Amino acid sequence: MNANKVKEITLSRTLPLLPLRDIVVFPYMIIPLFIGRVKSVKAVENALSQERNILLSTQKNAKANNPEPDDIFKIGTIGEILQILKLADGTVKVLVEGKERAKIDSFLKNDDFFEVNVTRIEEKVTTNSPDIKALMKNINSIFEKYIKLNQRIPPEILSSIANTDDPYLYADTVVAHLTLKISEKQQILELIDVNKRLEKIYNFIESELEMLKVENRVRGRVKKQMEKSQKEYYLTEQMKAIQKELGKHDDVKTEINDLRNKIKKAKMPKDINEKALKELKRLEMMPPMSAEATVVRNYIDWLVDLPWEIRTKDKLKIPEAEKILNNDHYGLEKIKERIVEYLAVRKLVKKMKGPILCLVGPPGVGKTSLGQSIARAMGRKFVRMSLGGVRDEAEIRGHRRTYIGALPGRIIQSIKKAKTKNPVFMLDEVDKMSTDFRGDPSSALLEVLDPEQNNAFDDHYLEVGFDLSEVMFITTANILYSIPQPLQDRMEVLRIPGYTEHEKMKIADIFLIPKKLSEHGLTDKNLHFSRASIQTIIKQYTREAGVRNLEREIASICRKIAKKVVQDGRKTKVSITSRKVAKYLGTPRYRVGKAEDKNEVGLATGLAWTEVGGELLAIEVIVMDGKGKLTLTGKLGDVMQESAHAALSYVRSRSSKWGLNKNFYQKKDIHIHIPEGAIPKDGPSAGITMAAAIISGLTGISLKKDVAMTGEITLRGRVLPVGGVKEKILAAHRGEIRTVILPEENEKDMKDIPAPVRKSLEIIFVKTMDEVIKIVMVKQKKRRISKKSSSRDIKKKFIESTFDKSIPDLPSVN
């Protein structure tokens, strides 16, 4: 019989199988295993219930959590469970000892764990041949060198294997301590011929020994340079030494060359190109892993990534641009006209500075979306930067490179994102910037938005000028007074007023309803809105100048109809009428501001401007016996309180004209109240309304219920112009007012009022308070005055002649 002949004794048996990950267990090897998979735990429990034997075989793919039979190697090791410990987290720690090799013949059907039929491979050797002895001696020699270089193997292993004569035990003990790949260890496990097994082990040790020698040589070479720098420098040099040993190119030089090529392609201005090359030269002289090198590298990357000479070509076809603007937005004629004008000039002049527009209007009127439409109409890229809450100057100008983590400001970041030097750049919510100890961002914007300066915008991080003159800047704001005056001076202000009820209905019909039907998977066959229903939603469920809440209410109805369609089928069709709106949206949220029901004494109707549009403003005055006290309620601001005092002073100065005792104010208290007291109110435009209400309260003459007015009053009774005329007249139109009194100087604002609204109202322009009183006071029937008239009747006659109307008996006002 041959000395190294192996017998395969066909002793089949059934064993539970434990698939292993990232480890190969050899015979004679004792090792702890941590088991967490449910199947594996059950396999261990089954082995414990029998002879404590289990087959240990390695998975081909360690990442597979639920391996199939094909994922497991066919040759494994039969192990004996020596010890088991159940841990608190549900996993099991077992100590196993490898006994002998075995081959899987078949997998048995078992849902709880892997169960296999195996054939044990019995290995017997009568005597060691000279070849085997020589191999074992050579392995001893190189394994000793391997242990000296690899400090992870205890030296005692060498003495234990030196006294081993059994080549099988010797081979399995040595290979268990080698740092080989799983596939390489599995190759050795599957080798039955001990001679081939020892040869394979010898080759592996020799290869590993050579690698350890290279590592030591690299370590030694780097160690000599350790004194020159710190740990980062050491790691860099070690990488260089490894690359040299492997014969690879220097990545640092490759990176420098790449940056040099990028600088050439960037087409930067001459002075900036020189600065970039200077920084690149500095980078070459620095250790690649140093902090300063990272800063310089980032700086050069920013320079080469900016679009110094890249620009998009403008679409100069005016009809096409007009079509895009009209398709995206209803109305807004002034803004559309301004864009078309710019395109027309751009067509005539090859190079011109980009306009700087400021769109001012209430929320929801389409300022932000208008910027996107403008970019689309011009064929330019669009970038948006929100300035709401920005309070740091560095947000605009960036940080200097001396700071850790410094970056350019958001202006330069957005230009890099656009990848073109002439985008449409929207600065949103420019009125909501604030200032603190970190600087004033609005002051930093002065350079950005100044056409005479922004051709060389200086970002603190870049430290070079960048040309922003070709950028079309569009800023948006809800109010203008909070924007600093120097910043306003640099912008062309275009006011976007609130939409009229007619415009809202058009927008809903053309844009909002089709958009919401599409978003909710509906069609016009499933849902139809009547004009009356849209009008009801606008009046009773929204109070805004824009259409944002209108869009939400339409979406709310669409959601409810979508639910109904899902429940009842695709053929469901619902028509929303004015009466059905409350069914889907609930109780109306707002009371529609309307004219008063009847003419009353001391009750005048004013007109107010708010950020969400115009409102009717009821002003109540009551006169009581007292000591001349003026009470103002309704959360009035300082300016409005001053207007009330001015109105009262005017009435006192003209007391004889109204037939009042000149000292009436000493014995009468006057209380002026403006309802909805929780809402703050301010401004001078209610001056003439308060004066009319005071005169009515003192004289007892009623004021007309269907007349609304607005205007500032002076002590001499002049009526001064006010703002927000369009919004105020629209509020009067909604409130079914018939006559509106306006200051004469506001006649120029009539061109902004829609023609249907102008035709439905009688608009009267006045210069003085006397004209207001003649219009607003109710006419009385004239009575014949006898020759023996009292002084009281004479006053009454005087007032009648002044007002051109008769009045009832005057109350006693002393």
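This note goes through side-chain contacts and one sheet in a predicted model, for a reader who is meeting the structure anew.

1. Salt bridges as a whole. Side chains of opposite charge can pair when their charged atoms come close. In this model, a search of the whole structure finds 36 salt bridges, and the points below take up a few of them, with attention to where the partners lie and how much of each is accessible.

2. Glutamate 279 and arginine 401. These two residues form a salt bridge in which the closest N and O atoms are 3.6 Å apart. Glutamate 279 belongs to helix H9 (residues 270-285), while arginine 401 sits in the loop between helix H14 (394-397) and helix H15 (410-418), so the pair ties together parts that are 122 residues apart in sequence. Glutamate 279 counts as buried, with a relative accessibility of 5%, and arginine 401 is buried as well, at 16%.

3. A network around that pair. The contact between glutamate 279 and arginine 401 does not have to be read in isolation, since both residues belong to a network of salt bridges that links Lys275, Glu279, Arg282, Glu292, Arg401 and Glu463.

4. Lysine 416 and its two contacts. The side chain of lysine 416 meets that of aspartate 305 in a salt bridge, at 3.8 Å from N to O. This pair also links distant parts of the chain, with lysine 416 in helix H15 and aspartate 305 in helix H10 (residues 291-305), 111 residues apart. Lysine 416 counts as partly exposed at 28% relative accessibility, and aspartate 305 is likewise partly exposed, at 40%. In addition, lysine 416 lies over the face of tryptophan 302, at 4.0 Å from the ring centre.

5. Lysine 432 and glutamate 429. Here the side chains meet in a salt bridge with an N to O distance of 2.9 Å. Lysine 432 is partly exposed, with a relative accessible area of 37%, and glutamate 429 is also counted as partly exposed, at 24%.

6. Aromatic contacts. The structure holds four aromatic pairs, one of which joins phenylalanine 107 and phenylalanine 114 in an edge-to-face arrangement, with 5.9 Å from centre to centre and 75° between the planes. Phenylalanine 107 is partly exposed, with a relative accessible area of 23%, whereas phenylalanine 114 is buried, at 11%. Phenylalanine 114 has a further contact, as lysine 39 lies over the face of this ring at 4.9 Å from the ring centre.

7. Cysteines. How many disulfides does the structure hold? The count is zero. Among the cysteines, cysteine 358 is buried, with a relative accessible area of 0%, and cysteine 558 is buried with a value of 0%.

8. A sheet of seven strands. This open sheet has the strand order E19-E20-E18-E17-E22-E25-E26, and its pairing is mixed. Strand E19 (630-633) and strand E26 (762-766) stand at the edges with a single partner strand each, so one side of each is left without a neighbour in the sheet. On average, neighbouring strands of this sheet are turned by 25° against each other, with direction ignored.

9. One pairing inside that sheet. Strands of a sheet pair through backbone hydrogen bonds, either parallel or antiparallel. Strand E17 (residues 603-610) and strand E22 (residues 707-709) pair in the parallel sense, over two bridges. Glycine 606 has methionine 709, in E22, as its bridge partner.

Conventions:
Residues are numbered from 1 along each chain as its sequence is written. This is a predicted model: local features need pLDDT of at least 70, side-chain atom pairs count only at pLDDT 80 or more; totals for chains, interfaces and linings use all residues. Side-chain values use heavy atoms; hydrogens and water are left out. A salt bridge is a side-chain nitrogen of Lys or Arg within 4 Å of a carboxyl oxygen of Asp or Glu. Helices (H or I, at least four residues) and strands (E, at least two) are DSSP runs, numbered from the N terminus. Buried means under 20% relative accessible area, exposed over 50%, partly exposed in between (1.4 Å probe, protein chains only). A disulfide is a pair of cysteine sulfur atoms within 2.5 Å. Rings of Phe, Tyr and Trp (its six-membered ring) pair if their centres lie within 6.5 Å; planes under 30 degrees apart count as stacked, over 60 as edge-to-face and the rest as tilted. A charge sits over a ring if NZ of Lys or CZ of Arg is within 6 Å of the ring centre and within 35 degrees of the ring normal. Two strands pair if DSSP finds at least two bridges between them. Axes are lines fitted to C-alpha atoms, for helices over the stretch in contact, and angles run from 0 to 180 degrees between N-to-C directions.
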